Amino acid sequence: MNDIGALTIAKLQDAISAGRLSAVDVTGYYLDRVEASQPILSAYTSIDTGGALAQARAIDERVARGEPVGPLAGVPVSVKDIIDVRGLATTGCSRSALGEVPARDAEVVARLRACDAIILGKANCHEFAFGGPSFDLPFPPARNPWNPEYFPGGSSSGSGVSVAAGLCLASIGTDTAGSIRTPSGHCGVVGLMPGYDRLSRHGVRPLSITMDHVGPMARNTRDCRTVYECLTGSDTGEGDAGIRYRRGDFSGLRFGMAAVGWGLEDRLHPEVRAAYNAAGLLVEDGGGFVEQVRLPSLELVHAAASVTMMAEVAANHAPAVRANYDDYGTVFRSRTLAGEAVRLDDYMAAISLRDTLYRATIRLFDRVEFIALPVSVNPPGKLAAVDRFYFMGDPNINILANFLHLPAVTLPCGVSKQGLPIGMQLLGRRGSEASLLDIAEGLERRIGRWDDQRTDKVI
Amino acid sequence: MIQRHTPAELPPHVTDEERAELERGRRLLEAMIAVVRKASPVAQDVTPEEEDAPHE
């Protein structure tokens with residue numbers, strides 16, 4: 001890792017737009033790293049060397065002519081391989097979709113390009129954001145850069161890996177039941193799942209139509225905010241409280257901790273519990289007031305959300321799986337066909353609980369500004385040992401936000417004894433993305449930024 | 001909504017292990033369906049006879 005790799009998005013953009021650094025040199029640097037890492041990490045499914053360098057040359061030429069460039073000028077980005085990038089196949093990491101090359105960018109990709117980001121390529125993921133980790137797909141599974149024997153989380157696995165390993169500065173992922181937050185937590189990066197409909201899903205392969213969310217992942221909260229602002233086309237603001245929170249001054253902030261009241265305390269791995277509780281103490285150190293809050297029954301949330309998701313996935317994918325069984329991986333087809341067990345009346349019953357659970361949850365935000373939760377019950381485990389139905393066997397902490405369409409931001413809060421990152425998430429009311437990022441930035445400041453802890457040792 | 005199939009309807013070359021995994025996933029899901037039925041006012045309208053009836 002040299003000086004280029006150490007630059008944040010703001011510093012890189014500043015250097016490129018001022019002509020102190022060439023976008024071509026930056027792109028070349030990252031492409032070299034991607035190429036070197038692929039045999040170990042498999043973070044990408046396709047690499048657009050020619051396209052990326054052409055974009056970079058165009059930026060350098062504009063800078064040389066004295067023309068303005070965008071807020072992501074020269075910033076290398078990866079895009080999850082269920083999101084359309086014109087000219088690159090959207091494979092969904094599935095044999096069934098190899099060679100499907102879109103003519104147009106997804107809306108989120110078009111917004112990245114409009115801000116002069118450099119699209120390096122497509123990030124590896126679980127098959128159609130659902131089937132993985134798998135060893136029988138056209139691409140080997142992405143591996144955790146902190147230790148390639150370990151699970152990097154999913155389904156936006158390549159997104160988390162590419163950011164954590166310094167193979168790009170940001171990535172666009174999707175999250176249906178934790179697919180941005182789990183890889184962010186397992187890889188030690190920041191991930192934002194904005195509320196439902198905050199970002200366009202046009203050009204994004206659907207999985208579960210009422211649960212799918214699109215969002216950015218980056219090395220730190222400030223980079224994540226910059227990308228999010230580019231995706232929304234809006235400034236997230238500079239309110240007085242927000243500025244204080246970003247500095248780690250939480251005075252006046254009411255902060256909810258929900259693990260105990262949710263029955264998670266006994267289920268959490270001791271290392272996860274310690275990191276999560278330590279974050280609560282840091283909020284108190286910053287002058288915040290921590291309150292234990294009680295979310296609706298975890299068992300019911302998990303059941304209603306999972307039944308909804310499994311039914312929607314089956315409706316979306318099961319007919320194609322039945323028709324072309326061998327075109328899909330074993331994990332994807334088992335999970336998809338399991339969803340056929342959901343009858344229409346069961347689906348309606350699950351959906352009918354959404355409003356009830358939303359009202360029970362949103363009441364808590366009268367007492368606290370945000371609710372902190374772990375990202376997962378356990379630290380990252382071995383890649384080869386991930387259970388096919390892990391998301392149904394263990395309580396899925398993340399799925400609450402998907403089901404209720406609440407925004408959540410994930411940030412690293414500790415390291416396991418095995419040397420793998422541990423993540424936590426902050427959950428907010430609808431429309432609170434900017435404030436969530438403020439709090440996360442202040443917490444990140446108190447925990448310690450991880451910019452210098454990228455996993456350069458792997459490549 | 002969707003046609004329901006059984007593991008027996010899978011292609012003949014599918015391994016016993018894969019069939020067993022599919023069955024395990026369905027059992028996990030059915031346990032969650034039971035939780036939903038118990039909690040949902042919609043599901044409470046479903047009579048036992050309707051629950052046992054074949055699904056189209």
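## Close-up views of helix packing, the chain interface and the backbone

**View 1. Helix 3 of chain A crosses helix 4 of chain A in a right-handed manner.** A crossing is right-handed if the near helix is turned clockwise from the far one by less than a right angle, and left-handed if anticlockwise. This is a predicted model, in which local features need pLDDT of at least 70 and side-chain atom pairs count only at pLDDT 80 or more, while totals for chains, interfaces and linings use all residues. Residues are numbered from 1 along each chain as its sequence is written, chains are lettered from A and ligands numbered from 1 in the order in which they are written, and side-chain values use heavy atoms, leaving out hydrogens and water.

Helices (H or I, at least four residues) and strands (E, at least two) are DSSP runs numbered from the N terminus. Helix 3 (residues 23–41) and helix 4 (residues 49–64) of chain A pack at about 155 degrees, their axes 7 Å apart. Helix 3 of chain A is therefore roughly antiparallel to helix 4 of chain A; angles over 145 degrees earn that label, under 35 is roughly parallel, 65 to 115 roughly perpendicular, and the rest oblique. Axes are lines fitted to C-alpha atoms, for helices over the stretch in contact, with angles from 0 to 180 degrees between N-to-C directions. Among the residues in contact (heavy atoms within 4.5 Å) are G28(A) and L31(A) of helix 3 and A52(A) and A56(A) of helix 4.

**View 2. Helix 5 of chain A packs on helix 8 of chain A.** Helix 8 covers residues 221–232, and the two axes lie 8 Å apart at an angle of about 110 degrees. That makes helix 5 of chain A roughly perpendicular to helix 8 of chain A. V108(A), R111(A) and L112(A) meet V227(A), C230(A), L231(A) and T232(A) here. R111(A) also has a salt bridge to E107(A), at 2.9 Å from N to O; a salt bridge is a side-chain nitrogen of Lys or Arg within 4 Å of a carboxyl oxygen of Asp or Glu. These partners are 4 residues apart in helix 5 (residues 107–114) of chain A, so about one helical turn separates them.

**View 3. Chain A and chain B meet through 37 residues of chain A and 35 residues of chain B.** Together they bury about 3,100 Å², 67% of it on carbon and sulfur atoms; buried area is the accessible area (1.4 Å probe) that two parts lose on being put together, summed over both. R322(A), Y325(A) and R343(A) supply 21% of the area that chain A buries against chain B, more than any other three residues. There are 5 salt bridges between chain A and chain B, including one from R26(B) to E340(A), whose closest N and O atoms are 3.2 Å apart.

**View 4. Helix 12 of chain A and helix 1 of chain B cross in a right-handed way.** Helix 12 (residues 330–338) and helix 1 (residues 16–39) pack at about 40 degrees, with axes 8 Å apart. Helix 12 of chain A is therefore oblique to helix 1 of chain B. R333(A) and L337(A) are among the contributors from chain A, and L22(B) and R26(B) among those from chain B.

**View 5. The G132(A) to P133(A) peptide bond is cis.** Its omega is near 0 degrees, and P133(A) sits in the loop between strand 3 (118–123) and helix 6 (157–164) of chain A. The bond from G154(A) to S155(A) is cis as well, with omega near 15 degrees.
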